[in-house]
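This report looks at the pockets of one protein chain and at the two domains around them.

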Amino acid sequence: MRSVFRISALCIALLLVATPVLAAKKVRWKLAMTWSSTLTPFATAPLTLAKMVEEMSGGNFVIRVEGSEKHKAALGILDMTKGGQYEMGHSASYYWKGKDIATVFFCTVPFGMNADEQNGWFYHGGGMELMQKTYDKFKVLSFPGGNTGVQMGGWFQKEINSLDDLKGLKMRIPGLAGEVFAKLGVNVTNIPSGELYTSLDRGTIDALEWVGPAMDIKMGFHKIAPYYYTGWHEPATELQFLINKRAYDKLPPEYQAMLTTAMKAVTADLYTDNFAGSVDAWDKMKTEYPNIVVKTFPPEVLQAMKKAADELYSEYAAKDESFKEVFESQKAYMKKARIWTNISEYNYIKTSQELTQ
Ligand code: CA
């Protein structure tokens, strides 16, 4: 009896010793993107993430990435990740403003922080904690998923010289920015990306915003609209990785570490890829279509946008406690960070520019 016990104990001990080797657990996940698989550099981030994780795990942790052309639910990513049909998603937090208005702050907001300031807030100013607090109720984890930097204000068929020029203008513009424009009399619509070119070309809409040169060039808007306005509405659009919490909790710790490391790597890459892509795309656009005019909205219009945005922030903060909490956190961080941005980046660009003129 005693020897049987000893043998069993030995077996268990051997099993425990052997566990790390046996623990090369096979995990198969699926990730759904809001974008199509060819919409680079957005789609590049999840595709590279999957490759990294597979390599780091010696082929044991495999994530199959599906674009919108496959799942046909571009704006269903949060629901599908929450429901577990997909363990992961890649999207943008402001698409969920109908579920929780506070989610807009984890993407970008009109007249908000730039990418450097926002990254400072995310990683060193309490942003990550507030984001997770907001997403806890959906039982998903949320992580930054790559930043576009300042987005362009959009393509317009006509110049905007006064507030009157905005009245009745038909424009595609999502998020809080759409609500700002609606306050100023713009007829705001949201049209699926696949129909944008035709809508602008046929005059169904008079203007639209998309991202910036790197991504706009693929849409061809520069061929059909002459005015390219500078940005105010999406100063630091951060994309988002979503993870089903139950699925994440079931992962071995080393796979969790691979995943979080890979997410951070591709998030940094997207920022660089989009910046470099815009440098080249703008150069190409301007060479091939020299009549494109870059414009900035007149001060009167920008002032009205700022006032409308501030009103919106106050209205939402008055009726939504979590909106108020995140808004105040961002506002306080931005106030502090902008002083440094002005002293460093802004001052450098401004003074060196003056020297070369
Ligand atoms: Ca946009």
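In this predicted model, helix α11 gives seven residues to the lining of the largest pocket, the largest share of that lining. The space in the largest pocket comes to about 1100 Å³. Two or more residues of its lining come from each of α5 (115–124), α11 (253–288) and α13 (321–356). In total 33 residues line the largest pocket, and those that lie nearest its centre are N114, G149, V150, Q151 and P235. By residue class, the lining of the largest pocket holds 17 nonpolar, 12 polar and four charged residues.

Why does the largest pocket lie between domain 1 and domain 2? Residues of both domain 1 (2–147 + 235–276) and domain 2 (151–233 + 290–319) are part of its lining, so the largest pocket lies between the two.

The second largest pocket holds about 510 Å³ of space. Its lining is made up of 29 residues, with T34, Y95, R172, S193 and W210 the closest to its centre. Helix α9 (residues 213–219) gives the most to this lining, with three residues. Domain 1 and domain 2 each supply at least three residues to the lining of the second largest pocket.

The table sets out the two pockets.

| Pocket | Volume | Lining residues | Classes in the lining |
|---|---|---|---|
| Largest pocket | about 1100 Å³ | 33 residues | 17 nonpolar, 12 polar, four charged |
| Second largest pocket | about 510 Å³ | 29 residues | 16 nonpolar, nine polar, four charged |

The next point is how the domains meet. The domain assignment divides the protein chain into domain 1, with segments 2–147 and 235–276, and domain 2, with segments 151–233 and 290–319. Taken over C-alpha atoms, the centres of domain 1 and domain 2 are 31 Å apart. Their contact takes in 15 residues of domain 1 and 20 residues of domain 2.

The size of an interface is often given as the accessible area that is lost when the parts come together. Between domain 1 and domain 2 the buried area is about 1600 Å², and carbon and sulfur atoms give 69% of that area.

How many salt bridges are found across the interface of domain 1 and domain 2? The rule finds one across this interface. A salt bridge joins the side chains of K97 and E179, at 2.4 Å from N to O. K97 falls within the 2–147 segment of domain 1, and E179 within the 151–233 segment of domain 2.

Conventions: Residues numbered from 1 in each chain as written. Predicted model: local features only at pLDDT ≥ 70, side-chain atom pairs only at ≥ 80, totals over all residues. Heavy atoms only, no water. 1 Å grid on protein atoms, 1.4 Å probe; cavity = no way out; pocket = protein on both sides within 12 Å on 5 of 7 lines; lining within 4 Å. Points joined across faces, edges and corners; volume = space filled by probe spheres on them. Helix = DSSP H or I, 4+ residues; strand = E, 2+ residues; numbered from the N terminus. Nonpolar A, V, L, I, M, F, W, Y, C, P; charged D, E, K, R; others polar. Domains from an automatic or database assignment. Contact = heavy atoms within 4.5 Å. Buried area = accessible area lost by both parts, 1.4 Å probe. Salt bridge = Lys/Arg side-chain N within 4 Å of Asp/Glu carboxyl O.
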